[in-house]
Amino acid sequence: MAIGWYLAVSAFIFCIGAAGVLTRRNPLVVLLCLELMLNAGNLALVAFARMWGNGDGQIFALIVMVVAACEVTIGLGLIVAMYRNRLPIDVDELRELRG
Amino acid sequence: MSPTTYGWLVLAFPLAGTIAIGLGFKRLSGPAAGWIGTAAIFASFVSALGALQQLLDREPENRQLVSSLWDYARTVGVDAQLSILVDPLSLFMVLVVTGVSTLIHLYSVAYLRSDEGYARFFSFLNFFVFSMLLLVLAGNFLLLIVGWAFVGAASYMLISFWYRRTTATDAGMKAFVINVIGDVGLVLGTYFIFKHTGTLDFLGSFDKVGEVFGRNDGDLVAGCVLLLVGAFAKSAQIPLHTWLPDAMEGPTPVSALIHAATMVTAGVYLIARLHPLFEQAPAAADVGAVIGCLTLLVAGTIGLVATDLKRVIAYSTMSQIGYMIMAVSAGAYAAGLFHLMTHAFFKALLFMAAGSLIAAMAGEQSLDRMGGFRRALPFTYGCFGVGGLALAGVPPFSGFFSKDEILLLVGDRGGWHWGLYVVGYIGALLTAIYTFRMIFRAFLGEPVAPARELEQGHVHHADTPRNPATGEAEDADVGFPGAEHHIAERAGEMKGAMGVLALLAVVGGFVQIPHVTHVVDDFLSPSFEGSALYERSPSGGLEAFGLILGAVLGLAGIAIAYHVWVRRPGTAAAFQARFAPLHRLFAGKWFFDEAIAALVVRPAAWFGRFAQQSFERIVVDGLLVGGATGVVRAGSAAVRGGQSGFLRYYAALVLVSLGGLALYFLIASA
């Protein structure tokens with residue numbers, strides 16, 4: 001089977017994720033969409049690994065998952081901390097870093 | 001022990017004294033600091049005697065010894081070492097410096113007894129002696145420059161010793177600035193020599209001078225003239241002399257030590273030390289001889305009219321150094337150094353006696369207010385008289401032999417040197433007149449109030465201490481006089497030091513009587529082995545004529561002074577009225593200060609103001625500083641505009657730029 005279908009699915013998921021990150025204001029959903037983008041990348045990695053018949057890409061995909069898990073842990077921790085401090089759960093409201 | 005080991009010891013003792021007194025000044029009570037300082041210099045003197053004995057045991061041709069402790073730097077072509085040169089010339093200077101310094105330290109033990117800065121004074125004084133010995137013993141140009149600069153710094157500290165006196169701090173700065181001009185001359189001169197000889201070592205460069213330089217070679221003459229600038233600044237020769245009279249603001253023992261016996265003779269030593277260079281560059285040596293001759297005349301005329309006791313002695317110092325500079329520049333090395341030695345004796349003695357007199361006047365230095373101290377200060381009067389007779393060149397006192405030998409050897413060069421010979425004898429007459437003017441005005445005549453008070457056994461104390469120069473009230477914590485005044489008649493240390501110097505001022509000349517003794521000549525000859533000018537024997541007729549002329553002029557000067565200031569006290573005022581322009585010229589010190597202010601200080605100040613108001617404000621502040629901040633500010637404003645704080649905006653930015661990059665690579669790879 002041609003690799004094109006896999007890549008098309010991967011690109012499609014990536015675009016959904018990117019659109020979610022750019023449009024949604026709830027940090028929880030932004031994190032979810034980030035995961036979508038990462039996993040789109042994973043799909044492409046695994047597909048290419050399969051195409052070349054070697055395992056490197058799969059190992060990369062595993063590492064990306066580990067990193068994603070860490071990132072989610074910290075991201076969720078931040079969101080919980082915001083909630084506890086009764087800060088608005090809205091990324092547009094959190095703009096103290098404006099120059 | 002070898003002579004060089006003794007040489008290192010000579011340096012070590014004063015340094016140890018400085019450090020010991022400097023660190024322990026809080027724990028040293030009473031006169032302890034003074035005795036430690038005196039002992040350190042005395043130990044140095046004893047070491048110098050040891051070196052002398054060792055050196056005399058050797059054959060005359062083996063009397064130049066170099067010893068190096070370590071190398072500062074040893075790279076291509078540079079041999080910077082911590083090395084000393086012990087030879088008859090340097091040892092002669094070491095003996096004079098340590099010997100006279102010991103006596104001046106001893107004098108200061110009593111003289112500054114009630115000063116608040118007693119320990120500080122002795123620490124500085126020991127440091128000065130160390131610097132001077134470093135200068136004298138240096139075996140290469142580098143160490144010479146180090147010693148030269150140290151001496152300048154020590155002089156600054158000691159002139160400004162009473163640091164609450166504005167006149168003293170101003171004088172210290174003036175001395176320091178002029179000495180730095182000399183330092184620059186010395187460094188540049190060294191560069192000119194080093195460029196061709198390729199070695200900093202004295203003996204090494206002397207060996208090469210004949211090969212690499214032709215006679216009167218341009219670079220050599222330039223180098224020697226620059227070295228002379230250094231010598232003129234240190235030795236207070238025209239036109240770099242204006243600091244010396246002002247330096248009299250320092251304590252009187254400082255004037256005796258630095259501004260009479262040691263530091264100001266450094267220029268004389270420099271020329272004698274580097275004589276192979278100057279003999280290869282006679283044009284530069286002639287500059288030195290002429291300047292020395294002019295200085296002795298100008299200083300003599302100012303001495304005639306100065307009214308400050310210490311400044312009269314200061315001008316006479318300038319004038320006597322002029323003789324020495326003229327002598328060593330004209331090749332009369334042994335005569336110049338002989339005069340250096342006798343001058344150190346009688347001038348230190350004169351300063352000490354002046355210090356005793358000033359103490360009896362409660363700090364007042366003006367000759368106009370002194371008079372009649374003959375009975376009140378008999379010992380001081382005697383010492384002043386002996387010093388004055390030696391300075392005036394009356395036989396058989398020491399100054400008679402040394403001054404006449406200089407003039408004899410200068411005249412013997414022939415040609416235009418006869419001009420120097422004549423001016424030298426005019427200067428000798430002036431010397432006798434101003435010296436005895438000072439003595440007669442201070443000691444003869446009607447006793448003034450402090451003198452009468454002292455005759456009844458009480459030393460005069462002013463109600464409020466005042467600065468004698470400006471009349472402003474003095475801070476009693478720092479500044480002479482302290483709670484007590486110390487006069488030679490009542491302090492054994494001062495009496496002892498002055499007694500020894502008075503003896504030396506009488507007999508010091510006997511080591512070198514024409515046709516009888518040649519101690520100085522013979523001792524110094526190994527240092528001047530290669531010199532073409534060293535061994536000269538002038539005709540006997542000229543010699544006898546010179547000696548008689550010198551004696552007659554000395555006595556005539558005293559007679560004139562006696563006539564003008566004792567027998568007919570109105571004569572001086574009449575002369576003053578009759579030759580008013582001349583008097584104004586002399587009393588205005590030939591307007592050197594004003595000329596320097598007009599030619600150097602004011603243009604420099606104007607340029608400084610211009611730089612501050614125009615250059616700095618427009619170019620530096622406006623263009624350089626303003627431009628740099630403007631660029632940074634504009635750049636940061638642009639960057640800051642991008643920092644909106646919107647998370648989604650950042651994410652879009654990342655996506656768009658990544659997409660753009662991907663597109664670029666796609667197009668580039670196609």
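**Exercise 1. Find where N216(B) sits in this predicted model, and work out whether it is buried, partly exposed or exposed.**

*Solution.* Start with the place: N216(B) is in the loop between α7 (202-212) and α8 of chain B. Next, check the backbone. N216(B) isn't a glycine, yet its phi is positive, at about 60°. Now for the exposure. The count is 13 C-beta neighbours inside 10 Å. A residue needs 20 or more to be buried and 12 or fewer to be exposed, so N216(B) goes down as partly exposed.

**Exercise 2. Follow chain B through α8: what does the helix span, how covered is it, and what does the backbone do just after it?**

*Solution.* Take the span to begin with. α8(B) covers residues 218-235, which makes 18 residues. From its first C-alpha to its last, α8(B) reaches 25 Å, close to the 26 Å expected at 1.5 Å a residue.

Then the surroundings: 14 of the 18 residues of α8(B) are buried, so the helix is mostly covered.

Finally, step off the end. A236(B), just after α8(B), takes a positive phi of about 55°. Keep going and you hit a cis peptide bond between I238(B) and P239(B), with omega about -5°. P239(B) belongs to the loop between α8 and α9 (243-246) of chain B.

**Exercise 3. Describe the peptide bond from P395(B) to P396(B), and place P396(B) among the helices.**

*Solution.* Look at omega: it is near 0°, and the bond from P395(B) to P396(B) is cis. For the location, find α16 (378-392) and α17 (398-412) of chain B; P396(B) lies in the loop between them.

**Exercise 4. Compare the span of α4(B) with what its residue count predicts, then say how many of its residues are buried.**

*Solution.* Helix α4 of chain B runs over residues 118-137, so there are 20 residues to work with. At 1.5 Å a residue they should span 28 Å. The end C-alpha atoms turn out to be 29 Å apart, which agrees. As for burial, 19 of the 20 residues of α4(B) are buried, and the helix is mostly covered.

**Exercise 5. Why does P276(B) count as buried, and which residues does it touch beyond its sequence neighbours?**

*Solution.* First, the setting: P276(B) is in helix α12 (residues 275-280) of chain B. P276(B) has 20 other C-beta atoms within 10 Å, and the buried label starts at 20, so P276(B) counts as buried.

Now set aside neighbours within four places in sequence. What's left in contact with P276(B) is F206(B), V209(B) and G530(B). For a distance check, try I358(B): it is 82 residues from P276(B) along the chain, and their C-alpha atoms are separated by 44 Å.

**Exercise 6. Work out the overall form of chain A: its elements, its dimensions and its burial.**

*Solution.* Count the elements: chain A has three helices and zero strands, which run α-α-α from the N terminus on.

Next, the dimensions. A compact globule of 99 residues would have a radius of gyration near 13 Å, but chain A comes in at 17 Å. Along the principal axes, its C-alpha atoms fill a box of roughly 50 × 25 × 25 Å.

Burial comes to 12% of the 99 residues in chain A. What about contacts between residues at least 6 apart in sequence? In chain A, 47% of those join residues at least 24 apart.

One residue to pick out here is R86(A), in the segment after α3 (56-84) of chain A. R86(A) is not a glycine, but has a positive phi of about 55°. With 7 C-beta neighbours inside 10 Å, R86(A) counts as exposed.

**Exercise 7. Find the part of chain B that contributes the largest share of its side touching chain A, and sort the residues of that side by type.**

*Solution.* Ten residues of chain B are in contact with ten residues of chain A. On the chain B side, the largest share is five residues from helix α26 (residues 647-669). By type, the chain B side divides into five nonpolar, three polar and two charged residues.

For the domains, the assignment for chain B gives domain 1 (139-549) and domain 2 (593-669). The centres of these two domains of chain B, taken over C-alpha atoms, are 58 Å apart.

Last, the confidence: the predictor gives the complex an ipTM of 0.86 and a pTM of 0.80. Chain B averages a pLDDT of 85, with 97% of the residues scoring at least 70.

Terms used. Residues numbered from 1 in each chain as written. Chains lettered and ligands numbered in written order. Predicted model: local features only at pLDDT ≥ 70, side-chain atom pairs only at ≥ 80, totals over all residues. Helix = DSSP H or I, 4+ residues; strand = E, 2+ residues; numbered from the N terminus. Expected span 1.5 Å × (residues − 1). Domains from an automatic or database assignment. Contact = placed C-beta atoms within 7 Å. Nonpolar A, V, L, I, M, F, W, Y, C, P; charged D, E, K, R; others polar. Rg over C-alpha atoms; globule rule 2.2 N^0.38 Å. pLDDT = per-residue confidence, 0-100.
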